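User: Please take a close look at the interior packing of this model. Then set it against the surface and the charged pairs.

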Amino acid sequence: HENTTLQPRPPPEELSYGATAAHWGQDPAVSVPRSGPAKQDYLIAAVLCYANLINFMDWSIVPGILLDLQTYFELSDRDTGLLNTVFIMCYMLAAPIFGYLGDGYNRKLILGAGVFFWSGVTLGSSFISKSYYWTFFLSRGLVGIGTASYSTVAPTIIADLFEEGKRTTMLSIFYIFIPVGSGLGYVLAAGMTKVTGDWHWAFRITPCMGGLAVVLLILLVPHKIQRRTAAHRALSISGTLRVAAEKPGVQRTAKTTWCHDVVVLAKNWSFVWSSLGLTAMAFVTGALGMWIPLFLYRAQVVQGLVPPCLQEPCDSSNSLIFGGITMGTGLMGVITGAEAARRLRKINNKADPLICATSMFISALCLYIALMAAQTNTLYTFIFIAFGELFLSVNWAVVTDILLYVVTPRRQSTALALQILLSHLLGDAGSPFLIGIISNAIQAKKAHSFLWSFWSMQYSFIICAFVGVFGGGFFLLTSFYIEEDRKEAER
C-alpha cells in the first residue's frame with residue numbers, strides 16, 4: 001500500500017504560485033500520494049545539465065575569438081555580425097519542428113542525435129581554410145539546427161521528472177548552465193588560442209565533451225519518461241487517476257493539432273507578453289555576447305593600452321575576463337532570481353513578472369553607463385557590464401517558470417519552441433547583425449581610424465539600452481494578465 005494523505009483545497013490567500021505550486025483543480029477529497037523524485041531522476045537531470053553546458057559553450061566559441069576570425073577571414077563588422085545571425089536563424093527555424101517532435105516522439109533519440117550532430121559539425125569547422133570562408137558560415141547554421149533539438153526538449157523532461165518545489169530548483173540548476181556554459185566558451189576559445197597560437201583548436205574540445213554526453217544519454221536516460229498531464233501532476237498514480245476520471249471536475253486530455261495549440265497560445269496574454277520580454281533579453285544578450293570583447297579591444301586601442309591586431313593570433317584577454325564575468329554573474333543572477341521569486345510569490349501573486357521588469361530596467365541603465373565609460377575607463381566598463389549581465393541573468397529561470405504555469409502541460413514543448421522562435425527571430429538573430437550594419441554605416445562616413453572604429457560600435461550599442469527598457473515594459477504588461485492565465489491553465 002502506498003502512503004497517501006487527504007489534501008484539502010487551501011484558501012486562495014494561502015496558495016503558492018509558480019512552478020513551486022501544486023496544481024489544484026480536482027475534488028478536494030481526492031487522495032494524493034507523497035513521494036519524492038528517485039535518485040535516477042537526479043542522475044538524468046545531471047546528464048541534461050552537462051549537455052546544456054556543452055550546448056552553450058559551443059554558442060560562445062565564435063565571439064570568444066571574434067577578433068581572430070575577423071582578421072583571418074578579413075570580415076567587415078556587418079559580415080562578422082552575420083555569423084551569429086546565420087547560427088540563430090537556423091536554430092530558431094528548427095526549434096518549432098523539434099518542439100512538435102518532442103511532444104509526440106522519443107525525446108531521448110532526439111536529444112542524442114542532436115548532440116552528436118552539432119558536435120561533429122563543430123569539429124569539422126576547425127579544418128576550414130581561409131579560401132572557403134563561406135563554409136564556416138554554413139557550419140554555424142548546421143550547429144544551430146543541432147542545438148535546437150536539445151534546447152526545446154530537455155527542459156520538458158526536467159519538468160516531467162520533478163514537481164512542486166523541486167521543479168523550480170532543478171530548472172534553476174539547468175538554466176544556470178546557460179551563463180556558465182557561455183562563460184566557459186569564451187574562456188575555452190581564448191585559452192586554447194593563446195596556448196596553441198592557432199584559433200582552430202578552439203573548436204576541437206567541445207566535440208569530445210559532446211561524445212561523452214551522447215554516451216551518458218544512451219546509458220542513463222530511459223527511452224520513455226512519463227509525460228505528466230495536469231491530472232498526473234496532481235494525482236501521480238494511475239489508481240487515483242481512475243477514481244478522478246469518474247468525477248466531472250477532471251477532464252481527459254485530448255490530442256490537438258499544432259495549429260490549434262498555436263491559436264490557443266496566441267490568446268494567452270501572459271505567454272505573449274513574457275515572450276516579448278524574453279525577446280528583448282535575447283536582443284541585448286545576443287549583442288553583448290557577440291561584440292563586447294571586440295568593443296573593449298577597440299576601446300583599449302583608443303586608450304593606447306593595447307596595439308592594433310593586424311595578424312592572428314590576437315590578444316584575447318578581454319574574452320577571458322568577459323567569460324569569467326559571464327559565469328559569475330550568471331550563477332549569482334539565476335540563483336538570486338529563483339530565490340527572490342520563491343519568497344515574493346508568498347506575498348504577491350504577480351511577483352514573477354515584476355521581478356523580471358525591475359531587473360530589465362536596472363540592467364538597461366547599467367549597460368548605458370558601461371558604454372559611456374568605455375573610452376576613458378576600462379575598469380568601470382567591466383564593472384557596469386557585470387551588473388548589467390547580473391540583472392539580465394535574474395530572469396532566465398523565472399521566465400521559463402512563468403511559461404510552465406500559464407500554459408497547460410500538453411502544450412509546453414510547443415510553447416517553449418514558439419518562445420524560442422520569437423525571442424530569436426526578433427532578438428539575438430538580428431541584434432549582432434544590426435549593430436554590425438550600423439557600425440559599418442557610421443565608419444563609411446569618415447576616413448578609417450581606430451577612434452571612429454570605436455565610436456561606430458559605441459553608438460551602435462546604445463540601441464541595446466533602449467531595447468532593455470522596452471523589455472521591462474513587456475514584463476509589466478505580463479503582470480496584468482498572469483493571475484487570470486494561471487487559473488485558466490489550472491482549470
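Analyst: Accessible areas here follow the Shrake-Rupley method with a 1.4 Å probe, and for residues only the protein chains shown count as cover. On that basis the protein has an accessible surface of about 20,700 Å². Carbon and sulfur atoms own 66% of that surface. The model is predicted: local features need pLDDT of at least 70, side-chain atom pairs need 80 or more, and totals for chains, interfaces and linings use all residues. Residues are numbered from 1 along each chain as its sequence is written, and side-chain values use heavy atoms, without hydrogens or water.

First, the overall frame. The protein has 491 residues, and 55% of them count as buried (under 20% relative accessible area; exposed is over 50%, partly exposed in between; 1.4 Å probe, protein chains only). Its secondary structure comes to 19 helices and 2 strands (DSSP runs, H or I of at least four residues and E of at least two, numbered from the N terminus). Take the contacts (heavy atoms within 4.5 Å) with a separation of 6 or more: 85% of them join residues 24 or more positions apart.

Now the interior. The largest nonpolar core (buried Ala, Val, Leu, Ile, Met, Phe, Trp, Tyr and Cys joined through side-chain atoms within 4.5 Å) has 72 residues. Phe-136, Phe-295 and Phe-461 touch the most other members. Helix H12, residues 269–303, gives this core its largest share, 16 residues. Where does this core lie with respect to domain 1 and domain 2? Domain 1 (37–228) and domain 2 (258–490) both contribute residues, so the core lies between them. The domain bounds come from an automatic or database assignment.

Phe-461 shows the packing at one site. Setting aside neighbours within four places in sequence, Phe-461 contacts Ala-287, Leu-288, Trp-291, Ile-292 and Phe-295. Its contacts also include Leu-371 and Ile-435. Phe-295 thus appears again, as a partner of Phe-461 and as one of the three residues that touch the most core members.

There is also a second, separate core of 54 residues. Among its members are Phe-87, Val-143, Leu-171 and Val-406.

Next, the charged pairs. The structure holds 10 salt bridges (a side-chain nitrogen of Lys or Arg within 4 Å of a carboxyl oxygen of Asp or Glu). One of them joins Arg-107 to Asp-160, with the closest N and O atoms 3.1 Å apart. Arg-107 lies in helix H4 (residues 107–125) and Asp-160 in helix H6 (residues 154–161), so the pair ties together parts 53 residues apart in sequence. Both ends are out of view: Arg-107 is buried at 5% relative accessibility, and Asp-160 is buried at 8%.

Other pairs sit in partly exposed positions. Arg-342 bridges to Glu-339, with a closest N–O distance of 2.6 Å. These two residues are 3 residues apart in helix H13 (residues 317–344), which means about one helical turn separates them. Arg-342 is partly exposed at 34%, as is Glu-339 at 30%. Arg-343 joins Glu-339 and Arg-342 in a salt-bridge network. Arg-78 pairs with Asp-79, the closest N and O atoms being 3.6 Å apart. Arg-78 is partly exposed at 41%, and Asp-79 is partly exposed at 25%.

Last, the cysteines. The structure holds 0 disulfides (paired cysteine sulfur atoms within 2.5 Å). Cys-208 is exposed, with a relative accessible area of 58%. Cys-356 is buried, at 0%.
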